[in-house]
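Trainee: Could you show me how to read the surroundings of a ligand, and then of a single residue?

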Amino acid sequence: MGKVLTAIGLMSGTSMDGIDVALVETDGETIVRRGPSAGYAYEPRFRDRLKLGLEDAKLIRKRDERPGVLAELERDLTFLHAQAVKAFLQENNLLAGNVDVIGFHGQTVLHRPDEALTVQIGDGDLLARETLTDVVYDMRANDMAHGGQGAPLIPAYHAALAQGLSDGSDIDAPAAFVNIGGISNITYIGAGESIIAFDSGPGNTLIDQWVEAHAGIPYDQGGMVAAEGSVLPELADRYLAHPFFSSEKRRSLDRNDFLPPAAAEASLEDGARTLAHVTAAAILRSARHLPQMPATYIVCGGGRLNPVIMKDLASLTEAAGGRVLAAEALGLNGDSMEAEAWAYLAVRSLRGLPLSYPGTTGVIRPVSGGRLARPAPASTGTSARSV
Ligand SMILES: Nc1ncnc2c1ncn2[C@@H]1O[C@H](COP(=O)(O)OP(=O)(O)OP(=O)(O)O)[C@@H](O)[C@H]1O
Ligand SMILES: CC(=O)N[C@H]1[C@@H]2OC[C@@H](O2)[C@@H](O)[C@@H]1O[C@H](C)C(=O)O
């Protein structure tokens, strides 16, 4: 058993809605003590800049290139993360000296696993200097360098949480964690130590893009728009017939792999309703690739706050012999789980433990990853090394 470290995780996900921050005390293995968490929303103007950055990112051919707005965006994104850390520490009466390491995901601006290219902007050196704390960042690259998809990485943390749950709760096995973020992913907790995971389909990004384009709102809060509409079966079937769901190889997703419908294809309400259905149905479609259909789906991520998605997910899983639980029903936090994961993975990185496995990303063997940036004295600059 390793030393228990205090880690902060920082996540800016594909929804690009803000920065999630969480504190975890962990040995990077079985000890996981979850501390406080918080979310710091981006200003609409910064969100718009991120969206522009996604366009410029399409020009990237090598992962350290920063064409167009991306260099400035990376710097500003990093400063916003530093501000979030400082606010979080202050709100929780903590000092930088109380934290051993920060796990910094950054913002994915491009993910092309078929070309072994994944780009998360975020300057680890700058964040280390600004927060005066060690920072582990760029955690997806080594997985890709070893034949993995670079995502999802949260499954190692799901597995640690599952070990904690199996002590006390009466959830039916096999269980699966489902993260309904911008994109959804699923982690299957099999017997023994086996975990299988993959991205399972579009999460909230299609709904967000649809309601933003046609109602000028960033997301369908409480599923209110969808609740007024009906599922358009042909449109839903078109999404669910995407080769992603039937391919033999499980492939991680880029935000642009699925695009919203054309304006003329649906009314605002029917479009939102259909896309909510697609989000739920996609999880079940992808679950068919697991060794067994899960008996319990533990749901985290912002999509669990959309009752229309959750109702469809509940009825589809029931029909397949399973049931759905929001993470909170098990004492977990569905909003902060990804940020917690980045804290946990940072400690694993420091200890050289695997972040990914053949069953989670398709990597050739379990591999660690991440780069370490330390806040060195100003005269010598920051020192970064690969871990
Ligand atoms: N109250 C709510 N009602 C409906 N939907 C919500 C609500 N709150 C959040 N969401 C949805 O959840 C999304 C954010 O989810 P989350 O923070 O899990 O995504 P993320 O971390 O950016 O994504 P990813 O896991 O893909 O990296 C929002 O964009 C919105 O679509
Ligand atoms: C490349 C990238 O950033 N992928 C994200 C995205 O958002 C959800 C899904 O797609 C997942 O694969 C991943 O994030 C989670 C947190 C992960 O790596 O586990």
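Mentor: We shall take the ligand and then one residue of a helix. This is a predicted model, in which local features need pLDDT of at least 70 and side-chain atom pairs count only at pLDDT 80 or more, while totals for chains, interfaces and linings use all residues. Residues are numbered from 1 along each chain as its sequence is written, chains are lettered from A and ligands numbered from 1 in the order in which they are written, and side-chain values use heavy atoms, leaving out hydrogens and water.

Trainee: How many residues surround ligand 1?

Mentor: A residue is near a molecule if one of its heavy atoms lies within 4 Å of it. Here 22 residues surround ligand 1, and the closest are Thr-14, Asp-208, Gly-222, Gly-302 and Glu-338.

Trainee: Which polar side-chain atom lies 2.4 Å from an oxygen atom of ligand 1?

Mentor: A polar contact is a pair of N or O atoms within 3.5 Å. The atom in this case belongs to Glu-338, and a polar backbone atom of Ile-183 is 3.1 Å from an oxygen atom of the ligand.

Trainee: Is Ala-159 buried, partly exposed or exposed?

Mentor: Buried means under 20% relative accessible area, exposed over 50%, and partly exposed in between, with a 1.4 Å probe and protein chains only. Ala-159 has a relative accessible area of 22%, so Ala-159 is partly exposed.

Trainee: Which residues is Ala-159 in contact with, leaving aside its neighbours within four places in sequence?

Mentor: Contact means heavy atoms within 4.5 Å, and by that rule Ala-159 touches Ile-189 and Ile-195. Ala-176, 17 residues away in sequence, is 9.7 Å from Ala-159, C-alpha to C-alpha.

How values were computed:
A polar contact is a pair of N or O atoms within 3.5 Å; within protein, one must be able to donate a hydrogen and the other to accept it, and residues adjacent in sequence count only if both atoms are side-chain atoms.
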